[in-house]
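Please take a moment to look over the sequence and the structure below before reading on. The paragraphs that follow lead through the model step by step.

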Amino acid sequence: MAQGDVYATLLTNDLYLPGAMVLAHALKNGGVRDGVTVPGTSKKLAVLVGEGRLSRESLDELANLFDYIIPVPIISGTAHGNLQLLGRLELNETFTKINLWKQTQFNKIVYLDADILPIVPPDELFEIDAAFAASPDIGWPDCFNSGVMLLKPSQESYEELLRLVQSGQSFDGADQGLLNTHFEGKWHRLPFTYNCTPSASYQYTPAYRHFGSKVSMVHFIGANKPWGHRADNYDSMSFGEHVQNWWNVWDKHYVPKGSEKTTSWSHY
Ligand code: UDP
Ligand code: MN
């Protein structure tokens with residue numbers, strides 16, 4: 001049955017649960033972009049969960065926040081060498097993302113990694129007339145970053161992507177290399193402000209000062225996720241500011257239990 005448009009994220013295990021919780025709250029809360037208040041989203045929220053991977057407690061928490069909890073098979077690659085080059089062996093299972101294309105019960109999906117912080121819900125992305133859209137990657141801007149994607153589910157695309165996984169054709173060993181191979185020359189380019197990656201190691205500070213208020217979504221790429229620690233003494237201004245923004249959403253909804261530095265929670 002057709003279920004319209006949906007935001008979707010992915011959890012292959014319990015580790016990124018705080019990310020998915022803040023993501024859902026931020027989409028529902030709304031926010032301010034370029035001086036304009038944007039209300040909470042009118043779209044439904046979905047989370048793809050690795051089959052048999054999440055604890056009962058995590059699934060209960062997700063049920064409070066997401067309209068659809070969709071178990072999907074874990075799809076892992078074999079190209080460990082490339083991920084070793086990236087220093088990110090935990091990304092071996094991110095091929096699980098291709099299950100998005102199988103969700104043909106939805107019309108369009110705006111997929112967001114669990115480490116995305118929407119400053120405002122980007123509902124306008126659903127209006128774009130393209131089968132696939134994404135923002136450039138800061139590491140190699142001719143590639144798109146696979147943490148924010150507008151896509152149209154299609155069984156045919158899913159099967160092609162699965163064939164690519166099986167043939168080992170991901171140049172980085174993870175989903176981003178695979179998807180960039182599949183969609184090369186065929187992706188609609190979204191502004192960087194939809195997937196702004198203020199990682200500690202990269203800054204274009206004058207541009208951030210100029211465009212920062214227009215940012216719709218922040219993406220905490222890399223091994224250092226905001227739920228691992230509170231924002232204190234970061235050398236990069238915008239990174240610290242956005243880690244603080246992540247915690248502001250968290251603290252609005254959850255009381256930290258015990259240590260200030262943990263993401264154990266209880267509801268208000
Ligand atoms: N993910 C997960 N558990 C993991 C690793 C990844 O659930 O242990 C999911 C999660 O949605 C995450 C996405 O896969 O946001 C991609 O991984 P990550 O964001 O760490 O990659 P990066 O954006 O740093 O390249
Ligand atoms: Mn990410």
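**From the ligand to the sheet**

In this predicted model, the element that gives the most to the shell around ligand 1 is strand 1 (residues 6-11), which supplies 3 residues. The shell as a whole has 16 residues, and the closest to the ligand are Leu 10, Tyr 16, Asp 113, Ala 114 and Ile 221. Sorted by character, the residues of this shell are 7 nonpolar, 6 polar and 3 charged.

Strand 1 is a good place to begin a tour of the wider chain, which contains 7 helices and 13 strands and in which buried residues make up 40% of the 268 residues. How many of the residues of strand 1 are buried? The count is 6 of the 6, so strand 1 is largely enclosed by the rest of the structure. In a regular strand the side chains alternate between the two faces of the sheet. In strand 1, Val 6, Ala 8 and Leu 10 lie on one side, while Tyr 7, Thr 9 and Leu 11 lie on the other, and since residues on both sides are buried, both faces are covered.

The neighbours of strand 1 show how it sits in a sheet. Strand 1 pairs with strand 4 in the parallel sense over 6 bridges, and the partner of Val 6 in strand 4 is Lys 44. Strand 1 also runs parallel to strand 6 (residues 109-112), to which 3 bridges join it, and here the bridge partner of Val 6 is Ile 109. These strands belong to an open sheet of 7 strands with mixed pairing, whose order is 5-4-1-6-9-8-10. At its edges are strand 5 (68-72) and strand 10 (188-189), each of which pairs on one side only. Strand 4 (residues 44-50) and strand 5 are parallel partners over 5 bridges, with Val 47 standing opposite Ile 69 of strand 5.

Further along the chain comes helix 1 (residues 17-29), whose 13 residues reach 18 Å from the first C-alpha to the last, close to the 18 Å expected at 1.5 Å a residue. Because 10 of its 13 residues are buried, helix 1 is largely enclosed by the rest of the structure; among these buried residues are Leu 17, Ala 20, Leu 23 and Leu 27. Just after the helix, Gly 30 takes a positive phi of about 80°.

Helix and sheet can be considered together through the largest nonpolar core, which has 63 residues, and in which Ala 8, Ala 20, Leu 23 and Val 47 have the most contacts. Helix 1 provides the largest share of this core, with 8 residues. Which residues does Leu 23 touch, leaving aside those up to four places away in sequence? They are Thr 9, Leu 112, Ala 114, Ile 116 and Pro 118. Across the protein chain, among contacts between residues at least 6 apart in sequence, 65% join residues at least 24 apart.

One loop residue offers a contrasting case. Asp 34 is found in the loop between strand 2 (31-33) and strand 3 (36-38), and its phi is near 50°, a positive value in a residue other than glycine. Is Asp 34 buried or partly exposed? With 13 other C-beta atoms within 10 Å, Asp 34 is partly exposed, because a residue counts as buried if 20 or more such atoms lie within that distance.

Key
Residues are numbered from 1 along each chain as its sequence is written. Chains are lettered from A and ligands numbered from 1 in the order in which they are written. This is a predicted model: local features need pLDDT of at least 70, side-chain atom pairs count only at pLDDT 80 or more; totals for chains, interfaces and linings use all residues. A residue is near a molecule or strand if its C-beta atom, placed from the backbone, lies within 6 Å of it. Helices (H or I, at least four residues) and strands (E, at least two) are DSSP runs, numbered from the N terminus. Ala, Val, Leu, Ile, Met, Phe, Trp, Tyr, Cys and Pro count as nonpolar, Asp, Glu, Lys and Arg as charged, and the others, Gly among them, as polar. The expected span of a helix is 1.5 Å times one less than its number of residues. A residue is buried if 20 or more other C-beta atoms lie within 10 Å of its own, exposed if 12 or fewer, and partly exposed in between; C-beta atoms are placed from the backbone. A nonpolar core is a set of buried Ala, Val, Leu, Ile, Met, Phe, Trp, Tyr and Cys residues joined through C-beta atoms within 7 Å. Two residues are in contact if their C-beta atoms, placed from the backbone, lie within 7 Å. Two strands pair if DSSP finds at least two bridges between them.
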